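Visitor: I have a model open at the bench. Could you walk me through it?

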Amino acid sequence: MDYTVMLPAAGSGRRMGAGENKLFLPLAGKPILVRTLSVFQNDPDCAGIILAVRPDERERIREMLAAHGITKVTAMPAGGGERQDSVRACVRAFMEAGGKDDSVIMVHDAARPFLSRRVIRELAETVREHGAAIAAVPSKDTVKQVADGIVESTPDRSTVWLVQTPQAFRAGLLAEAEEKALEEGFIGTDESMLVERLGHPVRVVGSTYDNLKMTTKVDLAIGEALLKRQEE
Ligand code: C5P
């Protein structure tokens with residue numbers, strides 16, 4: 001089932017403390033960005049990749065794509081100050097290139113190289129039928145709401161899910177949600193929040209615990225260990 005993926009890659013990687021975009025860091029010898037792109041490059045259902053980049057990194061990324069045989073990138077719009085701005089730039093580029101309202105699009109963090117083909121397929125199938133679906137795992141830990149260092153409440157753990165990407169949508173629905181959020185000055189921490197604000201139900205697809213986001217040095221160490229295990 002065909003889909004197009006939007007990859008925001010225009011972050012600064014401050015929490016990684018690498019002094020440059022963390023996506024350039026090697027994970028077992030290959031840049032994180034290349035590892036994530038390869039998942040989609042190798043998926044026959046992926047019709048194209050739209051990559052939001054920092055303008056000063058565009059050339060370096062172009063060279064990286066050529067060196068690693070990544071041919072499915074169809075546009076590289078400039079990202080923005082917030083992740084949401086970068087995603088909106090991708091969605092606009094998709095629509096301007098003639099993308100249809102009922103196409104399936106997925107938003108995926110360029111910093112999550114371990115997603116599985118099974119999760120992508122289930123998301124695409126769910127979106128075809130329902131319009132919006134996100135990858136998530138049940139929380140293994142108890143979650144507390146905390147204010148000023150004091151516990152305020154404890155949600156029932158059986159209802160708490162930790163949300164990842166991909167987050168998949170009918171293109172027209174995400175485009176509408178993005179523009180409404182922009183108009184109203186709302187900044188969310190994921191795309192689902194924007195679609196929830198339209199009142200549209202968002203389905204949850206069970207993902208895997210190893211679909212980690214490379215955010216800090218610890219994540220890199222875990223990522224390297226995961227790759228080693230895959231190679232054994
Ligand atoms: O910082 P964080 O890891 O949450 O970023 C998630 C993804 O969003 C990364 O792939 C990062 O490059 C991207 N991003 C972006 N534009 C921003 C901030 C983050 O494209 N302004």
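Visitor: Which elements do the buried residues of α1 pack against?
Guide: Keep in mind that this is a predicted model. Helix α1 spans residues 32-41, and seven of its ten residues are buried, so the rest of the structure largely encloses it. Those buried residues pack against four strands and a helix: β1 (3-8), β2 (26-27), β3 (30-31), β4 (46-52) and α2 (58-67).

Visitor: Which residues of α1 are the buried ones?
Guide: Burial here takes 20 or more other C-beta atoms within 10 Å. In α1 the buried set includes a charged residue, Arg35. The full set is Ile32, Leu33, Val34, Arg35, Thr36, Leu37 and Phe40.

Visitor: How confident is the predictor in this chain?
Guide: The model scores ipTM 0.97 and pTM 0.96. Residue by residue, 100% of the chain reaches a pLDDT of 70 or more. The mean pLDDT of the chain is 96.

Visitor: Why does the radius of gyration agree with a compact globule?
Guide: The C-alpha atoms fill a box of roughly 50 × 40 × 35 Å along the principal axes. For 232 residues, a compact globule would have a radius of gyration near 17 Å. The chain agrees because its own value is 17 Å.

Visitor: Of the contacts between residues at least 6 apart in sequence, what share joins residues at least 24 apart?
Guide: The chain has seven helices and eleven strands. Buried residues make up 37% of its 232 residues. Of the contacts you ask about, the share joining residues at least 24 apart is 71%.

Visitor: Which residues have the most contacts inside the largest nonpolar core?
Guide: In soluble globular proteins, nonpolar side chains tend to be buried together. Here the largest nonpolar core holds 55 residues. Those with the most contacts inside it are Met6, Ala9, Ile105, Leu123 and Phe169.

Visitor: Take Leu123. What is it in contact with, beyond its neighbours within four places in sequence?
Guide: Leu123 is among the core residues with the most contacts. One of its partners, Pro166, lies in strand β10 (residues 161-170). The full list is Met106, Ala133, Ala135, Pro166, Ala168 and Val205.

Visitor: Where is there a cis peptide bond?
Guide: Look in strand β10, at Pro166. Omega there is near 5°. The cis bond runs from Thr165 to Pro166.

Visitor: Is Asn211 buried or exposed?
Guide: Asn211 sits in the loop between β11 (203-206) and α7 (217-231). Leaving aside neighbours within four places, Asn211 contacts Arg112, Phe114, Leu115, Ala135 and Gln164. Its C-alpha atom is 5.0 Å from that of Leu115, though the two are 96 residues apart along the chain. With 20 C-beta neighbours inside 10 Å, Asn211 counts as buried.

Visitor: Which residues does Ala171 touch, not counting those up to four places away in sequence?
Guide: Ala171 is in helix α5 (residues 171-184). With 21 C-beta neighbours inside 10 Å, Ala171 counts as buried. Its C-alpha atom lies 5.9 Å from that of Asp102, which is 69 residues away in sequence. Ala171 touches Phe94, Met95, Gly99, Lys100, Asp101, Ser103 and Ile105.

Visitor: How far apart in space are Lys228 and Ala28?
Guide: Lys228 lies in helix α7 and counts as exposed, with 10 C-beta neighbours inside 10 Å. Ala28 is in the loop between β2 and β3 and counts as partly exposed, with 14 such neighbours. The two are 200 residues apart in sequence. C-alpha to C-alpha, the separation is 8.3 Å.

Visitor: What is the phi of Asp148?
Guide: Ala28 has a positive phi, near 45°, in a residue other than glycine. Asp148 also has a positive phi. Asp148 sits in the loop between β8 (145-147) and β9 (150-153) and is exposed, with 5 other C-beta atoms within 10 Å. Its phi is near 50°.

Visitor: Which residues are closest to the ligand?
Guide: The shell around the ligand has 17 residues. By class, seven are nonpolar, six polar and four charged. The closest are Pro8, Ala10, Gly11, Ser86 and Ala110.

Conventions: Residues are numbered from 1 along each chain as its sequence is written. This is a predicted model: local features need pLDDT of at least 70, side-chain atom pairs count only at pLDDT 80 or more; totals for chains, interfaces and linings use all residues. A residue is near a molecule or strand if its C-beta atom, placed from the backbone, lies within 6 Å of it. A nonpolar core is a set of buried Ala, Val, Leu, Ile, Met, Phe, Trp, Tyr and Cys residues joined through C-beta atoms within 7 Å. A residue is buried if 20 or more other C-beta atoms lie within 10 Å of its own, exposed if 12 or fewer, and partly exposed in between; C-beta atoms are placed from the backbone. Two residues are in contact if their C-beta atoms, placed from the backbone, lie within 7 Å. pLDDT is the predictor's confidence in each residue, from 0 to 100. Helices (H or I, at least four residues) and strands (E, at least two) are DSSP runs, numbered from the N terminus. The radius of gyration is taken over C-alpha atoms; the globule rule is 2.2 Å times the number of residues to the power 0.38.
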